[in-house]
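Hello,

Here is the structure I promised to pass on to you. Please open it beside this email and follow along as you read.

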Amino acid sequence: MKVDVQLTDKNNAYVIKNLLPLYLYDLSGHYDRLPNAHGIYEENDDCRTLSEQYDVQNIWWEKPPGVLFPYLNLVNGIPAGFIRVATPPYCNNGIEYFVNKLFLIRSLRGQRIAELSATMVFQQFRGNLELFTNPSAQNVV
């Protein structure tokens, strides 16, 4: 199994945008959350369509280079997840790099793919790194 990570740009941003609803659906199990009134799992309950959800994510590809890093996780060349890393001002004080999302599709979990992908990304960001986690009894895998 070949595991790779690839920094995305505006041309292939749609792949991470396509995977985000899967990530948000996964989180619903950790937070006992239902979709919003429009049937969308979203961090912002105002989104009415997946197209609007796409637009909310555009910030990851609109900032100048070196500020936000949206990585696509590939397994055998197929999109399998993503890792998003931010730098100041999108970090807490004293933090140089903030991993705000790390996602791997369910069918590939438990095979050390997320660990390998995270290691590939983390090796590119030496310094004080913070990782956002969802601590709960349901988030043990």
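Helices and strands here are DSSP runs, a helix having at least four residues and a strand at least two, and they are numbered from the N terminus. Please keep in mind that this is a predicted model.

**The overall picture**

The protein chain has four helices and five strands. Walking along the sequence, you will meet them in the pattern β-α-α-α-β-β-β-α-β. The chain is as compact as a globular protein of its length, because its radius of gyration of 15 Å is close to the 14 Å that the globule rule gives for 141 residues. Along the principal axes, the C-alpha atoms fill a box of roughly 40 × 35 × 30 Å.

As for the inside and the outside, 40% of the 141 residues count as buried. The exposed area of the chain is about 8300 Å², with carbon and sulfur atoms supplying 53% of it. If you take the contacts between residues at least 6 apart in sequence, 57% of them join residues at least 24 apart.

**Helix H1**

This helix is a good place to begin zooming in. H1 covers residues 13-31, and its 19 residues reach 27 Å from the first C-alpha to the last, close to the 27 Å expected at 1.5 Å a residue. There is a bend of about 25° at Leu 20, with a proline, Pro 21, following within four residues. Just after the helix, Asp 32 takes a positive phi of about 50°.

What do the buried residues of H1 pack against? Their partners are helices H2 (50-56) and H3 (59-62), together with strands E2 (68-75), E3 (78-86) and E4 (97-104). The buried set includes Val 15, Ile 16, Leu 19, Leu 20 and Leu 27, and also Lys 17, Asp 26 and His 30.

Asp 26 deserves a look of its own. This residue of H1 has 9% relative accessibility, which is under the 20% cut-off, so Asp 26 counts as buried. Its side chain makes a polar contact of 2.2 Å with the side chain of Arg 109. Leaving aside residues up to four places away in sequence, Asp 26 touches Phe 103, Arg 106 and Arg 109.

**Ile 113 and helix H4**

Helix H4 spans residues 113-122, and Ile 113 lies in it. Ile 113 counts as buried because its relative accessibility is 3%. Residues up to four places away aside, Ile 113 touches Met 1, Val 3, Asn 73, Val 75, Leu 104 and Leu 108. One of these, Val 75, is 38 residues from Ile 113 along the chain, and their C-alpha atoms are separated by 8.2 Å.

**Backbone details in the loops**

Three spots are worth clicking on.

- Asn 76 sits in the loop between E2 and E3. Its phi is positive, about 55°, although Asn 76 is not a glycine. At 53% relative accessibility, which is over the 50% cut-off, Asn 76 counts as exposed.
- Pro 89 is in the loop between E3 and E4. The peptide bond that leads to Pro 89 from Pro 88 is cis, with omega near 15°.
- Arg 112 belongs to the loop between E4 and H4. Arg 112 is not a glycine either, yet has a positive phi of about 70°. Its relative accessibility is 57%, so Arg 112 counts as exposed.

Happy browsing, and best wishes

Technical notes:
Residues are numbered from 1 along each chain as its sequence is written. This is a predicted model: local features need pLDDT of at least 70, side-chain atom pairs count only at pLDDT 80 or more; totals for chains, interfaces and linings use all residues. Side-chain values use heavy atoms; hydrogens and water are left out. The expected span of a helix is 1.5 Å times one less than its number of residues. The bend at a residue is the angle between axes fitted to the seven residues ending there and the seven starting there. Buried means under 20% relative accessible area, exposed over 50%, partly exposed in between (1.4 Å probe, protein chains only). Contact means heavy atoms within 4.5 Å. The radius of gyration is taken over C-alpha atoms; the globule rule is 2.2 Å times the number of residues to the power 0.38. Accessible areas come from the Shrake-Rupley method with a 1.4 Å probe; for residues, only the protein chains shown count as cover. A polar contact is a pair of N or O atoms within 3.5 Å; within protein, one must be able to donate a hydrogen and the other to accept it, and residues adjacent in sequence count only if both atoms are side-chain atoms.
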